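Colleague: I am new to reading models of this kind, and I would like to go through one with you slowly. Could we take it question by question?

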Amino acid sequence: SKVVYRGMMKRGCLVVLLLGLLAILPCQCLEVETIANVEEFESKVVNSDKVYVVVFTAQSEDETKLKGVNKERCREVEGQLSAAAAELQPLGVQVVLADIDDLAPIASEFNVRKRMLPSPHLFGVRARSSEAVPSQLFAAPADLKAKVEGLLAENPKSDQGGFSKITLSLGGGGEL
């Protein structure tokens, strides 16, 4: 009986120790914000000097609105967003979620269709332009980071060390 009790005590102490370690270790996850409407998209994503990855998904529960949407794939990528955001944070890249129904005019402008969801787009230029990012990369945040770094290779670095958006200029800079 004493041997069984000591074994239980050791296991109990081990569980408490593991739980304690988990509590003090920093979480490599970030909360991902959802862009609620077109005005918020314009102010946060388009008019900001910060680089954004906007992941368009369908969050509705209405089956009529979800026709043609790969719901399982959308939920899978949504579950991977916080780890992806943590991986991209050192690059100065913000990851946000956008419901295609809430941002229908924006989704249409960037050629995002329900059958294509989830559809991540990198906004690294101060123009109304984006670069599609393969949603499969969200399962491997290090690969996603490498892809985004490659796409931002020509972008300037901010004072904080992350990337800033490129400001496009019209015309050439040379003499005529």
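Modeller: Let us begin with a term that we shall need for the side chains: a residue is called buried when its relative accessible area is under 20%, exposed when that area is over 50%, and partly exposed in between. Please keep in mind that this is a predicted model.

Colleague: Is E40 buried or exposed?

Modeller: The cut-off for burial is a relative accessible area under 20%. E40 has a relative accessibility of 18%, and because this value falls under the cut-off, E40 counts as buried.

Colleague: Which residue forms a salt bridge with E40 at 3.3 Å, N to O?

Modeller: In general, side chains of opposite charge can pair when their charged atoms come close. E40 belongs to helix 2, which covers residues 38-46, and its partner is four residues apart in that helix, so that about one helical turn separates the two. That partner has a relative accessibility of 27% and therefore counts as partly exposed. E40 and its partner also belong to a network of salt bridges that includes E33, and the residue that meets E40 at 3.3 Å is K44.

Colleague: How many salt bridges does the protein have by this rule?

Modeller: The rule asks for a side-chain nitrogen of Lys or Arg within 4 Å of a carboxyl oxygen of Asp or Glu. One of the pairs is R75 with E78, at 3.1 Å from N to O, and these residues lie three apart in helix 3, about one turn of the helix. Counted by this rule, the salt bridges come to seven.

Colleague: How many residues apart in sequence are the parts that E109 and R128 tie together?

Modeller: E109 and R128 form a salt bridge in which the closest N and O atoms are 2.6 Å apart. E109 lies in helix 4 (residues 104-109), whereas R128 lies in the loop between strand 4 (119-123) and strand 5 (131-132), so the parts tied together by this pair are apart in sequence by 19 residues.

Colleague: What is the separation between the C-alpha atoms of V69 and R115?

Modeller: V69 sits in the loop between strand 2 (51-57) and helix 3 (71-88), and it is buried, with a relative accessible area of 10%. Leaving aside residues up to four places away in sequence, V69 touches A58, C74, K114 and L117. Although V69 and R115 are 46 residues apart along the chain, their C-alpha atoms are separated by 5.2 Å.

Colleague: Which residues does Q80 touch, not counting those up to four places away in sequence?

Modeller: Q80 is found in helix 3, and its relative accessibility of 16% means that it counts as buried. With residues up to four places away left out, the contacts of Q80 are R73, F138 and A139.

Colleague: What percentage of the contacts between residues at least 6 apart in sequence join residues at least 24 apart?

Modeller: The protein has five helices and five strands, and from the N terminus on these elements run in the order α-β-α-β-α-β-α-β-β-α. Of its 176 residues, 34% are buried. Among contacts between residues at least 6 apart in sequence, the share that joins residues at least 24 apart is 67%.

Note on methods:
Residues numbered from 1 in each chain as written. Predicted model: local features only at pLDDT ≥ 70, side-chain atom pairs only at ≥ 80, totals over all residues. Heavy atoms only, no water. Buried < 20%, exposed > 50% of the residue type's maximum accessible area, 1.4 Å probe, protein only. Contact = heavy atoms within 4.5 Å.
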